Amino acid sequence: MKIMVVGGGGREHAIIKKLKQSPEIETIYALPGNAGMEGEAVLVPIGAKDIDAIVTFAVENEIEYAVVAPDDPLVLGAVDRLNAVGIPCFGPTANAAIIEGSKIFSKNLMKKYGIPTAAYETFDDSGKAIAYLDSLNQYPTVIKADGLALGKGVIIAQTREEAVDAIHSMMEDKLFGSSGCRVVIEEFLTGPEVSVLAFTDGKTVKPMVSSMDHKRALDHDEGLNTGGMGTVAPNPYYTDEVAAVCMETIFLPTIHAMNAEGRTFRGCLYFGLMITPNGPKVIEYNCRFGDPETQVVLPLLKSDLFTVMKATTNGTLAETEVAFADGAACCVIVASQGYPQKYQSGFPLAVPADTENEYSFVAGAKKNEEGVTVSAGGRVVGVTAVRPTLKEAVEAAYARVTSVSLENGFYRRDIGKRALAAKNDK
């Protein structure tokens, strides 16, 4: 089969590597992909948000299946448009992708259907938002832009000054464009965070192995929030008991709630969870594979990814095996110095070749005028190692990261440290 993957980052590279293992697939096109994917996919210079061009390409090249991976094209209706011309897709339609596209929608959904989440209020007026802050006078507090903001639209304000600054920057200075015209102010939850990606066909939910993301840019969870600086899987805080509670109180109720709203969700639904003293609660939903969680979850998947994806499209997930290997995985992200703020690109990039249990997932790379592969983004490459134990996986990932050549690259030195400490506590 000829298929296409929409997107161009490390998540898409991980998806493409896994799809290449399927005996059914002959050719994978990446729109736009990046230079690090050469040899694994045919790169097509069409941006992920250029829905018209994506549809035209798919029709002209007789694409038989499409994987729409990033949030923007999903929210913009890429799946709807492709379905309309007869191309089946992995990913939700626009009316279901709103679960990520609007935090206000998702918070209201959880309130209406009794799905556990942080207490909150929503605002479209900065003055009223600040008055609400003053009426609570509780810090830290969480300020979220309503719309998509590249994973950076969440500010955990430690003081009133920080909270007011966040509101002004989102609502008045338009730091995140129109995404910040409305904001959610919610209580600050405490406890371990867990990421759970789940395959769903709108009826059945099959969670993937859990993971732990490291959002802050610097060691010891310091610095600004990023799109993710590294991940480990499985997450030691996500026990069998917690998983059972999540399925009963969060996963299935979310699918049922979306069905009840006429917004049946098919594809990958990401649950960002906090294991609070009062049980697991939802921090956020994503309408797609998380990045960089995908870079540790998919290397552990034993089942054929393409078979599972088609089952979410066809409504046959209940009869489809979704199995994961024992063992653990660790991914360390190498980013451009200065990320997530101002950084420079264009530095020569060399990454180690894949082995049976180690991978390089390129997130930001292009060919320069001389044909040299150079960095082209904030996050540049994720290196992942799979091993029988988490300790071995972390050690192997850090041994591998020394083989990445990027002049202005930096990475956190403590990915997995918190997870290892948790394992030792048990």
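In which sense do β4 and strand β5 (residues 89–90) pair, and over how many bridges? Select both strands to see: β4 and β5 pair in the parallel sense, over two bridges. What is on screen is a predicted model.

**Stop 1: strand β4**

Stay with β4, residues 65–68, and show its side chains. Tyr65 and Val67 point one way, Ala66 and Val68 point the other way, and all are buried. In a regular strand the side chains alternate between the two faces of the sheet.

Now select Val67 together with Phe90, its bridge partner in β5. Then add strand β1, residues 2–7, which runs parallel to β4 and is joined to it by four bridges. Within β1 and β4, look for Met4, which stands opposite Ala66.

**Stop 2: aromatic rings**

Keep Phe90 selected and add Phe199 and Phe289: ring pairs link Phe90, Phe199 and Phe289 into a cluster. A search of the whole structure finds 11 aromatic pairs. Select Tyr29 and Phe57 for an edge-to-face pair, with 5.3 Å from centre to centre and 75° between the planes. Tyr29 is in strand β2 (residues 27–32) and Phe57 in helix α2 (residues 51–60), so this pair links distant parts of the chain, 28 residues apart. Is Tyr29 buried or exposed? Tyr29 is buried, with a relative accessible area of 13%. Phe57 is also buried, at 11%.

For a stacked pair, select Tyr359 and Phe361, whose ring centres are 5.8 Å apart and whose planes make 15°. Tyr359 is buried at 16% relative accessible area, and Phe361 is buried at 2%.

**Stop 3: Glu358 and its network**

Select strand β20, residues 358–362, in which Glu358 lies. Glu358 counts as buried, at 13% relative accessibility. Leaving aside residues up to four places away in sequence, Glu358 touches Thr384, Ala385, Arg387, Ala396 and Arg400. A polar contact of 3.4 Å joins the side chains of Glu358 and Arg400.

Widen the selection to Lys17, Glu40, Asp354, Glu358, Arg387 and Arg400, which are linked in a network of salt bridges. Side chains of opposite charge can pair when their charged atoms come close.

**Stop 4: the open sheet**

Select β6, β7, β8 and β9. What is the order of the strands in this open sheet? The order is β6-β9-β7-β8, with antiparallel pairing. β6 (120–123) and β8 stand at the edges with a single partner strand each, so one side of each is left without a neighbour in the sheet. From one strand to the next, the twist averages 20°.

Zoom in on β7 and β8, which run antiparallel and are joined by four bridges. Ile143 stands opposite Ile155 in β8. Next show helix α6, which packs on the sheet and touches β6, β7, β8 and β9. The direction of α6 makes about 45° with that of β9. Helix α7 (residues 126–136) lies across β6, β7 and β9, and runs at about 155° to β6.

**Stop 5: more salt bridges**

How many salt bridges does the structure hold? The structure holds 22. One of them starts from α6: the side chains of Lys112 and Glu261 meet at 2.7 Å, N to O. Lys112 is in helix α6 (residues 103–113) and Glu261 in the loop between α9 (240–260) and β16 (267–276), so the pair ties together parts that are 149 residues apart in sequence. Lys112 counts as exposed, at 58% relative accessibility, whereas Glu261 counts as partly exposed, at 28%.

Move to Arg182 and Asp146, whose side chains meet in a salt bridge of 3.2 Å, N to O. This pair links distant parts of the chain, 36 residues apart: Arg182 is in the loop between α8 (160–172) and β9 (183–187), and Asp146 in the loop between β7 (141–145) and β8 (154–157). Arg182 counts as partly exposed at 37% relative accessibility, while Asp146 is buried at 9%.

Finish with Asp213 and Lys215, a salt bridge in which the closest N and O atoms are 3.4 Å apart. Asp213 counts as buried, at 11% relative accessibility, and Lys215 counts as partly exposed, at 26%.

Technical notes
Residues are numbered from 1 along each chain as its sequence is written. This is a predicted model: local features need pLDDT of at least 70, side-chain atom pairs count only at pLDDT 80 or more; totals for chains, interfaces and linings use all residues. Side-chain values use heavy atoms; hydrogens and water are left out. A salt bridge is a side-chain nitrogen of Lys or Arg within 4 Å of a carboxyl oxygen of Asp or Glu. Buried means under 20% relative accessible area, exposed over 50%, partly exposed in between (1.4 Å probe, protein chains only). Two strands pair if DSSP finds at least two bridges between them. A polar contact is a pair of N or O atoms within 3.5 Å; within protein, one must be able to donate a hydrogen and the other to accept it, and residues adjacent in sequence count only if both atoms are side-chain atoms. Contact means heavy atoms within 4.5 Å. Axes are lines fitted to C-alpha atoms, for helices over the stretch in contact, and angles run from 0 to 180 degrees between N-to-C directions. Rings of Phe, Tyr and Trp (its six-membered ring) pair if their centres lie within 6.5 Å; planes under 30 degrees apart count as stacked, over 60 as edge-to-face and the rest as tilted.
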